[in-house]
Amino acid sequence: MSIYVVVDDVCPDQAHAILSVMRRWPLRSREYLFDMKSQQAYPLRTNATNYIAFLDRHVFDHLLDTAASQSTERK
């Protein structure tokens with residue numbers, strides 16, 4: 001019953017994906033968490049105006065290292 005499905009994001013370990021299932025009116029578009037191993041999709045929300053995504057665990061590594069070094073310098 002969908003027009004198309006978009007892979008919005010894939011988690012860093014590639015175990016899960018976020019899918020947007022776009023449907024024709026009057027049906028609402030939906031987002032799902034897709035488990036690659038079990039091939040199951042779990043609904044996330046019904047409001048398509050919000051954005052959900054995975055965050056790569058390395059995105060903040062530099063910021064966390066900087067904050068930790070500044071904390072030890074103050075002591």
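These questions and answers walk through a predicted model of one protein chain.

Local features need pLDDT of at least 70, side-chain atom pairs count only at pLDDT 80 or more, and totals for chains, interfaces and linings use all residues. Residues are numbered from 1 along each chain as its sequence is written, and side-chain values use heavy atoms, with hydrogens and water left out.

Student: Which pattern of helices and strands does the protein chain follow along the sequence?
Tutor: Helices (H or I, at least four residues) and strands (E, at least two) are DSSP runs, numbered from the N terminus. The protein chain has one helix and four strands. Read along the sequence, the pattern is β-β-β-β-α.

Student: How many bridges join strand β1 to strand β2?
Tutor: Two strands pair if DSSP finds at least two bridges between them. Strand β1 covers residues 4-10, strand β2 covers residues 16-22, and they run antiparallel. V5 stands opposite V21 in β2. The number of bridges joining β1 to β2 is six.

Student: Which residue in the turn of the β1 and β2 hairpin has a positive phi?
Tutor: Most residues other than glycine have a negative phi. The hairpin has five residues between its strands. One residue in that turn has a phi of about 60°, and the residue is Q14.

Student: Is Q14 buried or exposed?
Tutor: Buried means under 20% relative accessible area, exposed over 50%, and partly exposed in between (1.4 Å probe, protein chains only). Q14 lies in the loop between β1 and β2. Its relative accessibility is 59%, so Q14 counts as exposed.

Student: What is the phi of Q39?
Tutor: Q39 is found in the loop between β3 and β4, where β4 spans residues 40-45. Q39 is exposed, with a relative accessible area of 54%. Q39 is not a glycine, yet its phi is positive, at about 60°.

Student: Which peptide bond is cis, with omega near 20°?
Tutor: Most peptide bonds are trans. P26 lies in the loop between β2 and β3, the latter being residues 30-35. The cis bond leads into P26, running from W25 to P26.

Student: Why does D9 count as buried?
Tutor: D9 lies in strand β1. Leaving aside neighbours within four places in sequence, D9 is in contact (heavy atoms within 4.5 Å) with A17, I18, A53 and F54. D9 counts as buried because its relative accessibility is 18%.

Student: How far apart in space are F54 and H16, C-alpha to C-alpha?
Tutor: F54 sits in the loop between β4 and α1, with α1 at residues 61-74. F54 is partly exposed, at 28% relative accessible area. Not counting residues up to four places away in sequence, F54 touches several residues, including D9, H16 and L33. F54 and H16 are 38 residues apart in sequence, and their distance in space is 9.2 Å.

Student: Which residues form a nonpolar patch on the surface with about 250 Å² of accessible area together?
Tutor: One member lies in the segment before β1. That member is partly exposed, with a relative accessible area of 41%. The patch is made of I3, Y4 and V6.

Student: What share of the residues in the protein chain is buried?
Tutor: The protein chain has 75 residues. D9, at 18% relative accessibility, counts as buried. Across the chain, the buried share is 17%.

How values were computed
Patches are made of residues with over 30% relative accessible area and no salt bridge: like charges are joined within 9 Å, nonpolar side chains (Val, Leu, Ile, Met, Phe, Trp, Tyr) within 5 Å. Accessible areas come from the Shrake-Rupley method with a 1.4 Å probe; for residues, only the protein chains shown count as cover. A salt bridge is a side-chain nitrogen of Lys or Arg within 4 Å of a carboxyl oxygen of Asp or Glu.
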